[in-house]
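I am opening a fresh page to note what I look up in this structure. I shall go from one pair of helices outwards to a whole chain.

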Amino acid sequence: MPGWVNFVVAGLLTGAVYGLMALGLSVIFGVVRVVNFAHGEMMVLAMYGVILLQHWLGLDPLVSAPVVAMALFALGYALQRGLLNRFIARPEHQQFLLMLGIAGLLTSSMLMVFGPDTASVETSYALDSYEVGPLILDKVRVFAASGAVLSMALLWAFFRMSRTGKAIRACADNPTGAAVAGLDVGRFYATAFGIGAACVGASGTFLLLLVDVQPYLGASYTLLSFIIVIIGGLGSMPGALLGGLLVGVSEGLSAYFVSPSLKSLFSYGLLILVLLVRPQGLLGRRA
Amino acid sequence: MSGRQGVALALTGGLLVAAPLFVGDYVLSVLIVFLLAAYLGQCWNIMMGFAGQLSLGHALYYGLGAYTAAALFVHFDTLSWFGIVAGAALAALAAGVIGALSFQFAVTGVYFALLTIAFDEFTRILFDHFDWVGGTAGLFLHVAQVKGTDLLHLRGSPTMFYYVLLALSAGVLWLSRALLRRRIGFYWLAIREDEPAAAALGIDTFWMKLVAVTLSGALTALAGGVMAFYDNNLYPDTIFATSSSVEIITAPIIGGMGTLFGPIVGAFLLTTMGEAMTDFGAAWGVPGLKQWLYGGALVAIVLLQPAGVWPWLCDRLGLGAERR
């Protein structure tokens with residue numbers, strides 16, 4: 001078996017986590033129409049939350065995932081309710097600038113609190129792996145991908161089956177109609193932003209099994225989320241997963257064939273190509 | 001421009017011209033940072049403030065200008081200004097290509113902003129692996145001990161760089177004012193306010209937007225080239241960083257996008273507060289205070305005074321609205 005197969009499989013597993021991260025961005029944009037330029041910064045915040053939980057309570061990252069996701073939900077809900085709901089009708093560049101400002105505040109606050117050094121979690125299974133035939137799968141990667149896929153399945157079920165999920169979809173499709181039908185659109189917007197934040201919180205937990213964290217990482221993850229979401233199609237749930245898998249595999253292959261430090265070059269190239277040729281994304285519909 | 005504005009401008013200009021005579025080295029270095037921020041903000045303002053095209057990747061043009069000037073100087077020992085102009089030409093080309101592609105394929109709004117970031121990041125990684133200009137290890141200009149001031153080779157004291165930046169900033173102020181009073185300025189404002197309506201009136205929006213993007217990119221690169229000879233070292237990861245682009249856009253947003261003096265006022269406020277924060281941060285051992293200020297200033301201005309400080313200040317000081 002050629003050596004690159006392992007890289008493709010590892011890329012797919014990492015890509016599932018990327019997919020969850022980007023799904024958060026997609027939900028926020030798809031419903032609230034806010035472009036969350038602080039997405040990666042929120043993820044870094046979640047990662048530090050996981051590290052603190054392990055430091056204080058000795059919690060395994062997989063256990064703290066729901067806790068962190070709920071904390072991020074509260075943060076996102078409060079942000080939308082208290083601040084962003086006022087910006088719905090303003091010109092869109094004001095939203096971008098507000099979110100960029102929030103991103104800067106988050107990054108510098110984390111720098112002040114946690115310092116510039118990298119931090120990571122410790123797990124008993126960090127170096128274990130499964131051997132499936134000729135394939136070698138890192139345990140951390142398998143756990144991270146399973147957690148991400150489970151989260152996405154839960155989210156899908158929530159949007160399809162629960163009353164709140166359906167109400168959020170109604171607000172996304174037609175805010176005026178939803179308001180006329182008696183829905184409190186502002187509250188569902190806040191819930192949707194909270195859900196997006198919870199997605200990125202959970203994905204941060206899983207990603208922390210694979211990478212180290214430092215305060216400045218936020219911007220690059222924000223960009224990565226945008227790349228994935230735009231490749232897959234802004235607002236499309238399967239698109240986010242597909243985009244995540246594609247970027248994961250492209251990173252794995254470029255690390256194997258070219259150089260690990262060039263891996264994001266291919267992602268940016270992919271983004272530029274998709275933006276120019278098919279701006280609605282692979283699975284998106286033209287607005 | 002109203003009478004009071006003219007007086008205010010003359011006073012400020014005179015003060016800036018005379019400043020190197022009575023300030024110390026430290027204040028001069030801060031003033032250089034201020035003028036650079038003002039100039040870059042003015043350049044960005046042409047594209048976003050006048051023509052309404054949001055670029056979040058202006059670090060690309062600054063970096064192209066800096067690297068072209070520095071690489072030509074290091075490898076071929078060309079005249080400094082030749083490299084600087086070559087850098088501006090290259091940046092104009094890059095901006096033209098990015099603009100033409102985006103406008104041709106109707107990439108607008110958030111997609112356009114993201115495309116500018118993507119091109120900047122793409123270039124950053126390319127330069128990380130571009131060994132001819134030093135890669136991640138950086139590019140260094142040999143510092144010759146020059147007696148006095150050599151404007152031709154752009155070698156000399158910080159005072160010289162101060163005046164070069166002051167001249168650039170005054171020049172682009174004049175250029176912006178001149179453009180806004182001409183046909184193209186009105187076309188830009190029409191495109192910014194309502195592009196379909198502007199197109200319906202027969203304005204060639206593609207070319208008008210392209211002119212704004214190209215001009216803004218080339219002017220930005222000029223400052224990059226000049227600053228390469230002031231800093232004498234270049235690293236892709238700082239020059240092309242997205243955070244550099246955000247720093248460029250913060251001053252004009254704080255001061256007031258689309259106004260002539262907004263970028264300058266914003267740069268003054270941010271630089272003075274930023275320097276104070278850097279000093280406090282060093283004294284108290286807290287890193288990141290300056291970035292915190294930039295983020296906080298963005299949030300505060302968007303929440304409280306989205307039009308910017310300068311229009312509000314005009315109102316308060318009775319300077320009258322900015323007329324052209």
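At what angle do helix H10 (residues 237–257) of chain A and helix H11 (residues 263–277) of chain A pack, and how far apart are their axes? Before answering I note that the model is a predicted one. I looked up the pair and found an angle of about 135 degrees, with the two axes 8 Å apart. That angle makes H10(A) oblique to H11(A), because only angles over 145 degrees count as roughly antiparallel. The crossing of the two helices is right-handed. On the side of H10(A), the contact is made by A:Val247, A:Ser250, A:Glu251, A:Ser254 and A:Ala255, and these meet A:Lys263, A:Phe266, A:Ser267 and A:Leu270 of H11(A). I keep a general reminder beside this list: an α-helix has 3.6 residues a turn, so residues three or four places apart point the same way.

Next I turned to helix H1 (residues 4–32) of chain A and checked its length. Its 29 residues, at 1.5 Å a residue, should span 42 Å, and the end C-alpha atoms lie 40 Å apart, which agrees. Is H1(A) largely enclosed or largely open? I found that 23 of its 29 residues are buried, so H1(A) is largely enclosed by the rest of the structure. Just after this helix comes A:Arg33, which has a positive phi, near 65 degrees.

I then looked at where the two chains meet. Chain A brings 33 residues to the contact and chain B brings 34. On the chain A side, helix H4 (92–114), helix H9 (218–232) and H11 each supply at least two residues, and H4(A) gives the most, with 16 residues.

My last entries concern chain B, which has 14 helices and two strands. For its 324 residues a compact globule would have a radius of gyration near 20 Å, and chain B has 19 Å, which agrees. Its C-alpha atoms fill a box of roughly 55 × 45 × 40 Å along the principal axes, and buried residues make up 49% of the chain. Of the contacts in chain B with a separation of 6 or more, 75% join residues 24 or more positions apart.

Within this chain I picked out B:Gly109, which is found in helix H5 (residues 109–128). Is B:Gly109 buried or exposed? It has 12 C-beta neighbours inside 10 Å, and therefore counts as exposed, since the cut-off for exposed is 12 or fewer. I also noted that B:Gly109 and B:Gln53 are 56 residues apart in sequence, while their C-alpha atoms are 8.0 Å apart in space.

Conventions. Residues are numbered from 1 along each chain as its sequence is written. Chains are lettered from A and ligands numbered from 1 in the order in which they are written. This is a predicted model: local features need pLDDT of at least 70, side-chain atom pairs count only at pLDDT 80 or more; totals for chains, interfaces and linings use all residues. Helices (H or I, at least four residues) and strands (E, at least two) are DSSP runs, numbered from the N terminus. A residue is buried if 20 or more other C-beta atoms lie within 10 Å of its own, exposed if 12 or fewer, and partly exposed in between; C-beta atoms are placed from the backbone. The expected span of a helix is 1.5 Å times one less than its number of residues. The radius of gyration is taken over C-alpha atoms; the globule rule is 2.2 Å times the number of residues to the power 0.38. Two residues are in contact if their C-beta atoms, placed from the backbone, lie within 7 Å. Axes are lines fitted to C-alpha atoms, for helices over the stretch in contact, and angles run from 0 to 180 degrees between N-to-C directions. Angles under 35 degrees count as roughly parallel, over 145 as roughly antiparallel, 65 to 115 as roughly perpendicular and the rest as oblique. A crossing is left-handed if the near helix is turned anticlockwise from the far one by less than a right angle, and right-handed if clockwise.
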